[in-house]
Every structure is written in C-alpha cells, then in structure tokens.
Amino acid sequence: MNRNLILIVDDSKSIREKLRSILVDNGFEVIIREEGEGAVQAALEYFPDLILMDYNMPGMDGLAASRMLKKYSQTRAIPIALFTDTEDIKNKVKSFQIGVEDYILKGIDHKELVARISGLLNWKTDRDKIIREKDKLSGLLDNFRDAVAIVNHEGQIMFFNRSAADRFGFVPEVIKAGNLKDVLPECEESREILLAVEERRELEELELEISRCDRQRIYTISIRRVELDYTEDIGAAVIFTDITGEKEAEKLKAEFHSMIAHEMRTPISVILGYANLILEGNAGDVSDMQQEFLQGISGNGEVLRKLVDDFLEVSRLENKFVNLDVASFDMVELIAKTVKGLRLLAENKDLKLEFNPAGESIMMNGDSDKLEHALINIIENAIKYTEEGGVTVECFGTGEGVEVRVSDTGIGMSEEEMETIFRSFERLEKAQKKKIKGTGLGLAIVKEIINAHQGQIRVESRESKGSTFIIDLPSLDEGENSPVEAAETCQASSE
Ligand SMILES: Nc1ncnc2c1ncn2[C@@H]1O[C@H](COP(=O)(O)OP(=O)(O)OP(=O)(O)O)[C@@H](O)[C@H]1O
Ligand SMILES: [Mg+2]
C-alpha cells in the first residue's frame, strides 16, 4: 500500500524532529524543509499528500508560502495545515481566506494531531476521487462529436463538453453566466426547446439552424432528463447533432435527380416532335397502321413528359425549396389563357368549360408561371374527374389578393378522402377503379406552389355531385423570392 507523504516545514529543529518522529511512528513518510521557499520547491518536486507548515518563519513565512502554493494549479489541491504557537483569530481568518485547510496549535495532543492529519487525508482522497470521476465523465463527453450541454430547468448551463465549447464559443470561466437561450436563435423551435427544459420534458430530434462563431450549421436537438444531484434539481442534457453535411448531401442528391430529369426532357421533346412531324405527313404519306403506331409513340411520349415534369416538381417539393420569380401580372388574363389551353380537353369529353371573372383585370404580384402550372393541374383534374356537366372557374379580388374557385360536376369525394388528396402519390380508389390515369402528384405540387405564395387551398365536395377547389392568394411584395417550407395550410370541409 502507498504510504502518505507529508511535507513538514518548520524553522525550529526540535519541532521538526518531534513531528517527524510522531508521523513516522504512525506510518507516514515525511520530507522536511526549514523555510517557506524550500517548502514551495519541495511541493512542486514531490507533490506531497499534505503539508504541515509553521506559520511564523524567517524569510517567506507559512502564510506567504501557502498563498503561493494555493495559486499554482499544480499544488492547489494539496491540503495545508498551518502550525502555530498562538490562536490568533486574525491569522486564522487570513489562512482560511487563502484556502488553507486547517489551522493547528503546536501544543496539540499527539493523538489529536494524527487524527486531524488522517481526517484531512481522507477528505483529500474523497475529493480526488470525485475529480477523477468528473474528469472521466468530461473526457468521455469530450470525445463525443455531438455538442452536449447540461442545463438546469431554467436553462442555465452547468456543464458542457469540448464540442459545445468549440461550436458555441463557450468559455469555462464564464460558463455560469451562460444560458441555453443565448445559444438558440429566436424562433418557434427554440421556444419549444426552452419550454421542454422548463417543464422537465424530454424531446426528440428537433431541427434547427444555428449561427455561432461565424458558422451556420443545421442541428437536430434532443433533450434527455438528467438528475443534478448536487441541487436535487431535474436538469436536462441538451444534445446538438450536426446534420449540416447530411442536409448538403440530400440537397446534392435532389439536385442530381432534378438534373437527370431535366436532361431527359430534351430527348423526349425531340422524339415527340419527330413523331408529330411524321404524323402530319411531313415525311411522306402515312398509312393507317403507321399512324396508329405513331400515335402510340406520341401518346406515351406525352405521358413520359408529364411524369418527368412532375418528378422535377416533386424533387423540389421534397426538399422544401420553391424559388419564386415574383412579378406583377393580371390574374384574369392568366386564368383566361389557362382555360383556353384546356378547352379542347373539355370538348373531347363533351364538357362545358366556363370562366366567369368578377372584373376585367385583377393585378397582383406572384410567380405567374408557377401559378399557371397550379391552375392547369386543378382544372385538368376537374375535367378528368367529371363525366358529365362541366367545369366553372371563377375569380374575384379580395382586397389583399385574389380568390380562385374551380367547380366541377364530377365524381366528388368523401370527407375522409378530402384529407388525403394533397399528399404525394395519393390517388382515390374510385379514380383508379374508373381507370382514370394519373400519378397522384398534381395536387401535392399545387399545394406547394400555393404555400410558397403564402396562400391557402381547400376543397369542398360531395360524392357523385362534384367538387370545388378554392385558392386564396395574397399579392406578394415585388421581388419577394422566398423558399417557403411546406406548411399544413390545407383545410377540407364538406358542403
Ligand atoms: N376534381 C376532382 N374530383 C374528384 N376527385 C379528384 C379531383 N381532383 C383530384 N381528385 C382526386 O385526388 C387525387 C389526387 O389528385 P392529383 O391531381 O394529385 O393526382 P392525379 O390526378 O391522380 O395524378 P396527376 O399527378 O397526373 O395529377 C386524384 O387521384 C383523384 O382521386
Ligand atoms: Mg391530377
């Protein structure tokens, strides 16, 4: 077993010898110095388990040597017991103020001296153990790639690992002043995190963008409850997982998909163009059989073109970025143009297609190309899912923007069905039973375009009676070009 090493410092030879014999007899190892400076040097060289030091010595006295030892980080943890002839309260207070652990009178009974030394050594052993455990824990947490901050229920940061220090610029000395809310940006997600901490709730991976120390990163933030036993408080471990790289990879993947789909559009258009040229007789007479085959090429080519277009839209949609090219346009003119383009489709099914604008023109700001795309999808649906009767498009100004209504006399849908139709790849059973073709992407794209315009879309419908799609659009500020996240703005209601 390791014997405890005690540094004895006293200018009196007789006292040194006396102390040596008591301590050696009680199983301690000792080193001896005669004055303060020598004591400091010995402490730095041998790192004793305890220092028993005379208060009054010529040269550097016990108090000055102790002050120095408590200043050095290497010797700060060594317990010091000052040894003195008189019980001077002022000296005693000064000693404890600089961090000395005990103050012992020289006339003390030997047994009591040994007991006090043993007590100090036991205390040191326990404290060293706690420090080792804490170092082990922080060493472990420091190896985490995730930033971890332990906070109390007020969000006060009690502890953090190296990754948190690097990412958020935490400085150990000022940590007590730090609060979780100083790290988080002002947003709804941050409020949710702080509320969970306050209510001592756990939380699963909430996504958040944080800019600190000139770095902009995306994190998922999770909260786990931890017991802060020293305050009997339930605190929280807030774990910040950096997902910036994954997000960038996802975006690259989406861009790659978009690029492939985009590249496919040109050859498809070329194939369709040539098929149509031959069909129109530009390459000589076309027999009935050739015409039939060419129509097969042309029809399926159109299906392929629509699929590629929808895929392009959806890959943008899934990555939640819709860049708007906002400019002023006339909504009445846009709807009239769209209706004109779809008239043939309606006539082929003997359906009426009417447009009833409330006025001659409604000027507003938005991305007219994207809105045209949305209108085509909705009016096309109305024609597609109507067997007799017709489709009516109405539009009127609302002061802040415009409301567009597309009503049909078609197959309609139930209340539950209305909840689902805006999701990607969602098609209703009756549409499939009637063998009406589609991929189920049209309305998902429409919803995304309307959301990007900060508008709302909802449907009113009755089975076998018809449906009305209602779009409310505000007029945007010119030049507004916002990637808007898909929000749940769809509402369904039945007549
Ligand atoms: N006017 C409508 N009347 C009745 N059902 C409709 C109407 N519009 C949409 N639906 C239902 O909602 C579903 C989703 O419509 P959506 O436009 O997203 O897809 P789709 O028309 O099937 O395919 P596509 O991607 O080619 O547009 C349709 O499959 C259909 O069942
Ligand atoms: Mg559709």
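Let's start with what lines ligand 1: by class, its shell has 10 nonpolar, nine polar and four charged residues. That makes 23 residues around ligand 1, and the closest are Leu428, Ala431, Gly438, Gly442 and Leu443. Please keep in mind that everything I show today comes from a predicted model.

Which helices each supply at least two residues of that shell? They include helix H12, residues 368-384, and helix H15, residues 442-452. So let's look at these two together.

H12 and H15 pack at an angle of about 145 degrees, and their axes are 9 Å apart. The crossing is left-handed. If you'd like to find the contact on screen, look on the H12 side for Lys370, Leu371, His373, Ala374, Asn377, Ile378 and Asn381. Across from them, H15 brings Gly442, Leu443, Ile445, Val446, Ile449 and Ile450. Sorted by class, the residues of this contact come out as eight nonpolar, four polar and one charged. You may recognise Gly442 and Leu443 from a moment ago: both are among the closest residues to ligand 1, and both take part in the contact of H15 with H12.

H12 has another partner, helix H11, residues 331-347. Here the angle is about 35 degrees, with the axes 10 Å apart, and the crossing is right-handed. From H11, the contact takes in Leu334, Ile335, Thr338, Val339, Leu342, Leu345 and Ala346. They meet Ser368, Leu371, Glu372, Leu375, Ile376, Ile379, Glu380 and Ile383 in H12. This contact divides into 11 nonpolar, two polar and two charged residues. Leu371 of H12 meets H11, and Leu371 also appears in the contact with H15.

Now let's zoom out. The domain assignment gives domain 1 (5-139), domain 2 (144-242), domain 3 (247-318) and domain 4 (327-494). The centres of domain 1 and domain 4 are separated by 86 Å.

Finally, how far can we trust the picture? The mean pLDDT of the protein is 87, with 92% of residues at 70 or more. Among the elements, strand E17, residues 466-474, has the highest mean pLDDT, 97, and strand E18, residues 491-494, the lowest, 35. Over residues 482-495 the pLDDT is below 50, although this stretch has 33 contacts beyond near neighbours in sequence. Where pLDDT is low, predicted coordinates should not be read in detail.

Methods
Residues numbered from 1 in each chain as written. Chains lettered and ligands numbered in written order. Predicted model: local features only at pLDDT ≥ 70, side-chain atom pairs only at ≥ 80, totals over all residues. Near = placed C-beta within 6 Å. Helix = DSSP H or I, 4+ residues; strand = E, 2+ residues; numbered from the N terminus. Nonpolar A, V, L, I, M, F, W, Y, C, P; charged D, E, K, R; others polar. Domains from an automatic or database assignment. pLDDT = per-residue confidence, 0-100. Contact = placed C-beta atoms within 7 Å. Axes fitted to C-alpha atoms, helices over the stretch in contact; angles between N-to-C directions. Left-handed = near helix turned anticlockwise from the far one by under 90°.
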